Amino acid sequence: MMPESHQNTELWDKIWKKDQIISDYSIRYLSFMTEIERTLLAGSTVCEAGCGTGQTLRIFTPRHRTIGLDISANALNLARNNCNAPIQGDIFRIPLRDETCDLIYNSGVIEHFIYPGNVAAVAEMARVTRRGGRIIVIVPNTLCLWYKIGKEIAYRMKRFEFGYEEDYSPRRLKTTLEEAGVEVTGYFGLQATPVLATNDKEALSFSIRQKIARLERYYPFREYYSYAVGIVGHKE
């Protein structure tokens, strides 16, 4: 799987070259990571393995040492303003020592790797995590009907721009992390409502979409119908 990650460099450089707006999903992702930041001790080391623009790392940078890892040079040109240490590198060979991070996380990364590459990526994340440190992985949700329909339409119209992508049920994601040696401690779901804005188009303004997003905290069992399903785990 390592060669495939390098082959995708051109794809991700193209994606991160475009102007970006804050998508509906990004609103939920930023809010979730803000809650995670509040639980960390000051001075923790935080890495986003597949950081893109590094927009969530900006949340951690004021109180922690932040590392943004990505294979795309264009992504890192954007991320360098949001983290302490932007690093161009491969998630299968993260250029950090064992047990460096108190928290390592990503969203929209491991679904691009065929088994056992997905397990290998999470295992490498676990390698650089300290004992008792947290590992968070977020992927598209198999159980989200409107995501599955939208993706199929995009495929048929040849407008799906993210290359190879699988989706995960909560059970499959749990199995993947456990196979990689991660102790699973909880599930969560992000974006329970259909899309009103992507990274390059929006139907409603950011302020309105932000108000809609706040309502989701009252939705139960979001991991079973949201666009993205995630797991919080600890290094055993």
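**Figure 1. Pairing of strands β1 and β2 in the predicted model****.** Residue T45 has R65 as its bridge partner in β2. The two strands, β1 (residues 45-49) and β2 (residues 65-70), run parallel and are joined by five bridges. The view is taken from a predicted model.

**Figure 2. The open sheet of seven strands****.** Strand order across the sheet is β3-β2-β1-β4-β5-β7-β6, and the pairing is mixed. Strands β3 and β6 (182-190) form the edges, each pairing on one side only. On average, neighbouring strands of this sheet are turned by 15° against each other, direction being ignored. Within the order, β2 stands between β3 and β1; its link to β1 consists of five bridges.

**Figure 3. Surroundings of G89 in the loop between β3 and β4****.** G89 lies in the loop that connects β3 (85-88) with β4 (101-107). Is this glycine, G89, buried or exposed? G89 counts as buried because its relative accessibility is 17%, and the cut-off for buried is under 20%. With neighbours within four places in sequence left aside, G89 is in contact with L69, D70 and I71. Of these residues, L69 and D70 fall in strand β2 (residues 65-70). A further reference point is A73, which is 16 residues from G89 along the chain; the C-alpha atoms of G89 and A73 are separated by 9.6 Å.

**Figure 4. Helix α3 and its buried residues****.** Helix α3 comprises 14 residues, 24-37, and its first and last C-alpha atoms lie 20 Å apart. This span is close to the 20 Å expected at 1.5 Å a residue. How many of the 14 residues of α3 are buried? The helix is mostly covered, with 11 of its 14 residues buried. At the start of α3, the buried residues include D24, Y25, S26, I27, R28, Y29 and L30. Further along α3, F32, M33, I36 and E37 are also buried. An α-helix has 3.6 residues a turn, so residues three or four places apart point the same way.

**Figure 5. The whole protein as context for the close-up views****.** The secondary structure comprises nine helices and seven strands. Of the 236 residues, 50% count as buried. The protein exposes about 11,700 Å², of which carbon and sulfur atoms supply 55%. Among contacts with a separation of 6 or more, 72% are accounted for by residues 24 or more positions apart.

Notes. Residues are numbered from 1 along each chain as its sequence is written. This is a predicted model: local features need pLDDT of at least 70, side-chain atom pairs count only at pLDDT 80 or more; totals for chains, interfaces and linings use all residues. Side-chain values use heavy atoms; hydrogens and water are left out. Helices (H or I, at least four residues) and strands (E, at least two) are DSSP runs, numbered from the N terminus. The expected span of a helix is 1.5 Å times one less than its number of residues. Buried means under 20% relative accessible area, exposed over 50%, partly exposed in between (1.4 Å probe, protein chains only). Contact means heavy atoms within 4.5 Å. Accessible areas come from the Shrake-Rupley method with a 1.4 Å probe; for residues, only the protein chains shown count as cover. Two strands pair if DSSP finds at least two bridges between them. Axes are lines fitted to C-alpha atoms, for helices over the stretch in contact, and angles run from 0 to 180 degrees between N-to-C directions.
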